[in-house]
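Student: I'm new to this one, so please pick a single spot and give me a close look at that part. After that, walk me outward from there.

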Amino acid sequence: MKIVKNPPRLSWSELIKRPSLELEFLEGTVKNIINRVKTSGDAALKEMSVQFDKVSLQEFIVSPTELAIGGQQVSSNLKDAIRVAIKNITKFHEAQSHDTLKLETMPGVNCWRRAVAIERVGIYVPGGTAPLFSTLLMLGIPARLAGCEEIVVCTPPLQDGSLDPSILFAAQEIGIEKIYKVGGAQAIAAMAFGTKTIPSVYKIYGPGNQYVTKAKQMVNAEGIAIDLPAGPSEVMVVADDSSNPSFIAADLLSQAEHGGDSQVMLVTSSEELIVKVEEELAKQIETLPRKLLAAAALEQSRSILLSDLNDQVDFINHYAPEHLILQTERALELSEKIKNAGSVFVGPYSPESIGDYASGTNHTLPTNGFAKAYSGVSLESFQKFITFQQLSREGLALLGPTVEQLAEAEQLRAHKLAVTIRLQEDV
């Protein structure tokens, strides 16, 4: 990791840049993929399965038999762990439900707001080098709780054409049946515009690499709703002399191992801690099966020395990390000053991986600084809210003259007339 000592504020914009592909290349490639799916549908998906996933598929959909057999291949220990995660995620998201809000704003004027599930949703589950069954839990559970009528899941196949058994078991446990073996930007295009096999949806959810993120942004520009910009993973750890260097190194590596386009960041007031963390990183990375991916991410990551606590807070909020781990002596107090972050992990015994899997909070979070304006996925992400109003004759008589005045001031006479004609009605 590159070490930067007390950088001036003018340099912060450069320090918070995330790794990225050359923009013109990325957009051109994804646009081509989307157009191929639009034009050729399933045929394009089959071609791209060979091109990108190195597998030739005759059918994309997972059959009931394949779903059942795959789920049986999961060890009993993993099944138990997945069920604990399901219980906690369900509990946290169930608590987010709201009763219909009803209010009489003035006599005879009644307003209410009701949550309605989005009917057709698409979930992208990253696969390939790391089949993320946890993402299926994080998105499938709130989709089911919200009452979405149709839930479509796309995830990349393995090179033998199968899906990881853990994904199939997770799907069984939460009651999801429509699973398709399609990955990458082409999966996003398929869910957005539909093919003969894969139905189109109203909103697409799920993290992914830069191609997936760009595809979501591009279909969003064509009118398909998306959850949020969730690209390559990132974490920022804020620490001081009270922190455990081995904990910090483990947290940094837990995100670095996602891939070379991930970014990890250490912010601290202690030069000595930076040295100790570097030593721990060198030790721990040697034990990782995904060592090369983690090493590539570390090359693009930074340790930032900031002596002043206020500067640290400002830098955190400027960076707006997807995951923020506070391992300082007064971590809870520091957490109150955080304005921009996807999810915050407070104290030495709150590793980010806990939130990734089983604490109950959702791990689908805004990346690349979008935490300045976006929240992570929640139950409400799978709902839309409709407002209603009902006025009695007396209520209109009371409020109508006010609306007449407002409409007249905006020179919208038909708006005024819609009120006046009712007020003048003979009873």
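Tutor: Let's start at Ser 49, which is in helix α3, residues 42-53. Helices here are DSSP runs of H or I with at least four residues, strands are runs of E with at least two, and both are numbered from the N terminus. This is a predicted model, where local features need pLDDT of at least 70 and side-chain atom pairs count only at pLDDT 80 or more, while totals for chains, interfaces and linings use all residues. Residues are numbered from 1 along each chain as its sequence is written, and side-chain values use heavy atoms, leaving out hydrogens and water.

Ser 49 counts as buried because its relative accessibility is 2%; buried means under 20% relative accessible area, exposed means over 50%, and partly exposed is in between, using a 1.4 Å probe and protein chains only. What does Ser 49 touch, leaving aside its neighbours within four places in sequence? Its contacts are Lys 54, Val 55, Leu 57 and Phe 60, with contact meaning heavy atoms within 4.5 Å. Take Phe 60: it is 11 residues from Ser 49 in sequence, and the two C-alpha atoms are 9.9 Å apart.

Now zoom out to the whole chain. It has 17 helices and 14 strands, and 49% of its 427 residues are buried. Of the contacts between residues at least 6 apart in sequence, 75% join residues at least 24 apart.

Next come the sheets. Six strands, in the order β1-β11-β10-β9-β12-β13, make an open sheet with parallel pairing; two strands pair if DSSP finds at least two bridges between them. Its edges are β1 (2-5) and β13 (343-346), each pairing on one side only. From one strand to the next, the twist averages 15 degrees. Inside this sheet, β10 and β11 run parallel and share 4 bridges, and Met 265 has Arg 302 of β11 as its bridge partner.

A further open sheet has 5 strands in the order β6-β5-β4-β7-β8, again paired in parallel. Here β6 (178-180) and β8 (225-226) are the edge strands. Strand β7 (203-205) pairs with β8 over 2 bridges, and Lys 203 is partnered with Ala 225 in β8. Helix α6 (133-146) lies across β4 (120-124), β5 (150-154) and β7, at about 170 degrees to β4; axes are lines fitted to C-alpha atoms, for helices over the stretch in contact, and angles run from 0 to 180 degrees between N-to-C directions.

Helix α13 (309-319) has several buried residues, including Val 313, Phe 315 and Tyr 319. Their cover includes β9 (234-239), β10 (263-268), β11 (302-305) and β12 (323-327), while α1 (12-15) and α14 (331-335) are also part of the cover. At the start of α13, an oxygen in the side chain of Asp 308 comes within 3.0 Å of the backbone nitrogen of Asn 310. Just after the helix, Ala 320 has a positive phi of about 55 degrees.

One last stop is the cysteines. There are 0 disulfides, a disulfide being a pair of cysteine sulfur atoms within 2.5 Å. Why is Cys 154 not bonded to Cys 148? Its sulfur is 16 Å from the one in Cys 148, the closest cysteine sulfur, so that is too far for a bond. Cys 154 is also buried, at 0% relative accessible area, whereas Cys 111 is partly exposed at 26%.

Definitions and conventions: A polar contact is a pair of N or O atoms within 3.5 Å; within protein, one must be able to donate a hydrogen and the other to accept it, and residues adjacent in sequence count only if both atoms are side-chain atoms.
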